[in-house]
Amino acid sequence: MLLTLKYVNRFTYEIAPVFIIMEEILVKKMQEIIGWEEKESDGIFSPGGSISNLYSVLVSRYKYYPEIKAKGMAALPEIILFISEHSHYSIKKAAAVVGIGVDNVIAIKCDERGKMIPSELEENIIKVKRQGKIPLYVSATAGTTVYGAFDPLASIADICEKYNLWMHVDASWGGGLLLSRKHSHKLSGIERANSVTWNPHKLMGVPLQCSAFLVHEKGLLQACNQLRADYLFQPDKAYDTVYDTGDKAIQCGRHVDVFKLWLMWRAKGTGGFEILINKFLELAEYLYKELKTRNNYELVFDAEPEFSNVCFWYIPPSLRHIPKGPERDKRLHQVAPKIKVRMIEEGTTMVSYQPLGDNVNFFRMVFSNPATKKSDVDFLLEEIERLGKDL
């Protein structure tokens, strides 16, 4: 089987029938979980969330301006994409790649929890229209990279419907919550999206790489990308050529990434994934409560975590009595990087840090390892204190 996976390519059904069918089955399953009808929707597996988000920009532009495929950008008006200021950078990269340009991507303000503010989105759409430009596309995020925030999808869907904009949901990180009966409500409104990115190689723990791009309108992905190469996609084959899915992709050669997800889903079942995902959020809640009880830690925002991301500062003894302000921020900004260096040198643990907006460097703990236990959380906090108490 390993040898087969290495050399199989999913251009056409005749080359990889089993893996083509696996992809069809799992695309349908994921569409059903989102809340779409199979007959209405479509999808494909891609190398990662950045490529899936690129598909969303390509397909949305083709939907409104199909002439782009033949005539190029010169035939189009100035189109504008909207993202949140906490969204993944891949949307801007996609805009650069396809010729829209990063200056035509507008970042919408977020609240203190990192959620896009719908009124700000509508204001910017109106402003763009007054400038004679064409608002085309909104990317909402379900599980932001840093805070783990979920944009208000239903409110964003209302605005997209009102102004006839394509609504994409980048659920690369948070899509797995759809498998949790306890937490799936955080993605309420995703069923109204035109397209969705969902990365099983994140929250669901599937080995890299494994990303799904799902689009609500059947046939659009094919029409946008197909070129009908004669040596691969002959129309007069002995089987239904709808299974020659390679022409839906922007790639030619494609790995059988879907097999990893299919195998794990068969082994764990939806219930197994649900248990795993709920555990990650329980660990995040445990860390949050531990931080609240310790005087030498501060939360970036004092609210229970919405996802498995927990953001916090360690405050060493030398800074505890310094009032908040520029001097304290300057010194606190150096604490997390220094502790991280010591972590690496000691080889005991590792946790990421970063600044964001007006917030100086803070630790960002994200739970996605099924082996993590509460005792590991306790060890992490004690290790941070041990390594940083003299700073």
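Begin at the boundary between the two domains, where 11 residue pairs, both members at pLDDT 80 or more, are in polar contact (a pair of N or O atoms within 3.5 Å, where within protein one must be able to donate a hydrogen and the other to accept it, and residues adjacent in sequence count only if both atoms are side-chain atoms). This is a predicted model, in which local features need pLDDT of at least 70 and side-chain atom pairs count only at pLDDT 80 or more, while totals for chains, interfaces and linings use all residues. Residues are numbered from 1 along each chain as its sequence is written, and side-chain values use heavy atoms, with hydrogens and water left out.

Next, select 2-255 as domain 1 and 270-387 as domain 2, bounds that come from an automatic or database domain assignment. Their C-alpha centres lie 32 Å apart, and the contact (heavy atoms within 4.5 Å) takes 25 residues from domain 1 and 26 residues from domain 2.

Colour the interface by buried area, the accessible area (1.4 Å probe) that two parts lose on being put together, summed over both; between the domains this is about 2,200 Å², with 61% from carbon and sulfur atoms. Within domain 1, pick out Arg113, Val146 and Tyr147, which supply 31% of the area that this domain buries against domain 2, more than any other three residues.

Then show the side chains of Lys115 and Glu306, which form a salt bridge at 2.8 Å, N to O (a side-chain nitrogen of Lys or Arg within 4 Å of a carboxyl oxygen of Asp or Glu); the count between the domains is two salt bridges.
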